[in-house]
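Me: I have just opened this one and would like to be walked through it slowly. Could we start with a small detail and work outwards from there?

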Amino acid sequence: MQRTHGGALLPQSGTLFDPSLKEKEGRHLQEKQRIAVAAVNLIREGQCVLLDSGTTTTAIARTLKKFSHLTIITNAVNIAAELSGTDFEVLLTGGSLRKNSFSLVGPLAEEMLHDMHADILFLGVDGFDLEVGLTTPNVMESRVNRAMVKAAKTIVAVCDSTKFNRRSLSKIVDATSIHHVITDNNLPKETADALRNLNIKLTLV
């Protein structure tokens, strides 16, 4: 616990820290918007797009509305609601609802993803460490994310630069499983070089 005047605060970091979507929404807002624009540039009309839950992928979902024919697969209830007014084919994975992230997790979600084939996955992460790989605070979430990686042809990690060199509780996949990273231009040069050395395409916005 951190000491404060008149009380104590829970530490705002650590491998178990799992803030709600609402808490995360306001952070690094402009970076997320720029990441979303760059992400949408990778999409072509008629493709099948897989979206993980999270604030960056929600920003991508909002930016997708310039397209008219897409199939969207997601485990995020809020993203499905966001796209309900479009002509897109929207597929929700099913599963148990994690209330603080509006995401569906568990065997039902994993099973549905088993049978899917998407053109591109946009994966938001809580930690991106070049040695450990991509991580998230929730074990159930990491399993669904891993199933998403298997279901997509192109894997794009979308996260602001604060997520790098950070480890969260549960591993999703190795860094080498990622084809492309879109992040903001505050990324340290040595991290950028290390990503490129792994043959990962890097877009800084």
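Me: Which residue in β10 does Gly 127 stand opposite?

Reply: In this model, which is a predicted one, Gly 127 stands opposite Thr 135 in β10.

Me: And how many bridges join β9 to β10 there?

Reply: There are 3 bridges joining β9 to β10, a strand that covers residues 133-136, and the two strands run antiparallel.

Me: What sheet do they belong to, and in what order do its strands come?

Reply: They belong to an open sheet of 3 strands, ordered β9-β10-β12, in which the pairing is antiparallel. Because β9 (127-129) and β12 (170-173) each have a single partner strand, they stand at the edges, and one side of each is left without a neighbour in the sheet. From one strand to the next, the twist averages 35°.

Me: Which helix lies across β10 and β12?

Reply: That is helix α6, made of residues 139-151, and it runs at about 5° to β12.

Me: Moving on, how are the strands ordered in the sheet with parallel pairing?

Reply: That open sheet has 7 strands in the order β5-β4-β3-β8-β11-β13-β14, and the pairing is parallel. Its edges are taken by β5 (89-92) and β14 (201-204), and since each of these has a single partner strand, one side of each is left without a neighbour in the sheet. The twist in this sheet averages 20° from one strand to the next.

Me: Can you give me one pair of strands from it, and what holds strands together in general?

Reply: Strand β11 (residues 152-158) is joined by 3 bridges to strand β13 (residues 180-183), and the two run parallel; within that pair, Val 156 stands opposite His 180 in β13. As a general matter, the strands of a sheet pair through backbone hydrogen bonds, in either a parallel or an antiparallel way.

Me: Different topic: how many disulfides does the structure hold?

Reply: The structure holds 0 disulfides.

Me: Is Cys 48 buried or exposed, and what about Cys 159?

Reply: Cys 48 has a relative accessible area of 12%, so it counts as buried, the cut-off being under 20%. Cys 159 is buried as well, at 1% relative accessibility.

Me: Last bit, then: what does the whole protein look like in numbers?

Reply: The protein has 7 helices and 14 strands, and buried residues make up 51% of its 205 residues. It exposes about 10100 Å², of which carbon and sulfur atoms supply 51%. Of the contacts between residues at least 6 apart in sequence, 60% join residues at least 24 apart.

Terms used: Residues are numbered from 1 along each chain as its sequence is written. This is a predicted model: local features need pLDDT of at least 70, side-chain atom pairs count only at pLDDT 80 or more; totals for chains, interfaces and linings use all residues. Side-chain values use heavy atoms; hydrogens and water are left out. Two strands pair if DSSP finds at least two bridges between them. Helices (H or I, at least four residues) and strands (E, at least two) are DSSP runs, numbered from the N terminus. Axes are lines fitted to C-alpha atoms, for helices over the stretch in contact, and angles run from 0 to 180 degrees between N-to-C directions. Contact means heavy atoms within 4.5 Å. Buried means under 20% relative accessible area, exposed over 50%, partly exposed in between (1.4 Å probe, protein chains only). Accessible areas come from the Shrake-Rupley method with a 1.4 Å probe; for residues, only the protein chains shown count as cover. A disulfide is a pair of cysteine sulfur atoms within 2.5 Å.
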